[in-house]
Amino acid sequence: MLVRLTYFSRALRAMSLADIRDILQTARRNNAERGVCGMLSYASDWFLQALEGPREVVNDLFLEIADDPRHQDVIIVSYDVIAEPLFADWQMGYVSDAGEVARLLTELGLQQFDPPAMSPSQALAFLRALVELEHSAAA
Ligand code: FAD
């Protein structure tokens, strides 16, 4: 059974690019081995992440992540059984206040990157739209 778990959390301290790279490197290695995919974004001291994969694997991984001392106040936004993953590959999004991302937030009726204020569907739409932005930037 495949599931998607989305959560947000607060970084214990401001993350540098090296900190984010470190998380990304571990996530890429472990998630590929475990058959998990998803999307992580970080801005304004908030993380927002979607994890997709087999139920037991996602559950275990989430418990591991939730225990990570780099963040706190971990809140599950949604947990759903899914037919197919929305995030084909592991990706990392960076949220800035500028340009496309600001437009994206406005489209979702949001002023800023503030995961506690997002509904489950807004959180998912935001992560999906980030993937598309990254794809179009890479094209
Ligand atoms: P290591 O990376 O060697 O870590 C061993 C232990 O040290 C773990 O308990 C870890 O939490 C802790 N640790 C590692 N680096 C630091 C550091 N710089 N500061 C403090 N403690 C540290 N992992 C995944 O596999 N997939 C994910 O999708 C994923 N997403 C994450 C999202 C966020 C927001 C955060 C904060 C972490 C995420 N991680 C993810 C990392 C995860 O929490 C564990 O660190 C990782 O699964 C453990 O990997 P490892 O067994 O290779 O051990």
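The following is a short exchange about a predicted model.

Biologist: What should be known about the numbering and the cut-offs of this model?
Modeller: Residues are numbered from 1 along each chain as its sequence is written, and side-chain values use heavy atoms, with hydrogens and water left out. The model is predicted, so local features need pLDDT of at least 70, while totals for chains, interfaces and linings use all residues, and side-chain atom pairs count only at pLDDT 80 or more.

Biologist: Which strand pairs with β3 over 9 bridges?
Modeller: Helices (H or I, at least four residues) and strands (E, at least two) are DSSP runs, numbered from the N terminus. Two strands pair if DSSP finds at least two bridges between them. β2 and β3 pair in the antiparallel sense over 7 bridges. The antiparallel partner of β3 over 9 bridges is β1, residues 2-11.

Biologist: Which residue in the turn between β2 and β3 has a positive phi?
Modeller: In the pairing of these strands, L40 has Q49 of β3 as its bridge partner. β2 and β3 form a hairpin with 2 residues between them. The turn residue with a positive phi, of about 50°, is S44.

Biologist: How many residues of β3 are buried?
Modeller: Buried means under 20% relative accessible area, exposed over 50%, and partly exposed in between, with a 1.4 Å probe and protein chains only. β3 is mostly covered. Of its 9 residues, the number buried is 8.

Biologist: Which element gives the most residues to the largest nonpolar core?
Modeller: A nonpolar core is a set of buried Ala, Val, Leu, Ile, Met, Phe, Trp, Tyr and Cys residues joined through side-chain atoms within 4.5 Å. The largest has 22 residues, and L48, F113, M118, F126 and L130 touch the most other members. Elements giving two or more residues are β2, β3, α3 and α4. With 7 residues, the one that gives the most is α4.

Biologist: Is L17 buried or partly exposed?
Modeller: L17 lies in helix α1, residues 17-34. Its relative accessible area is 47%, so L17 is partly exposed.

Biologist: Which element gives the most residues to the shell around the ligand?
Modeller: A residue is near the ligand if one of its heavy atoms lies within 4 Å of it. There are 19 residues around the ligand, and R29, N30, N31, E64 and D68 come nearest. α1, β3 and α2 each supply at least two residues of the shell. With 7 residues, the element that gives the most is α1.
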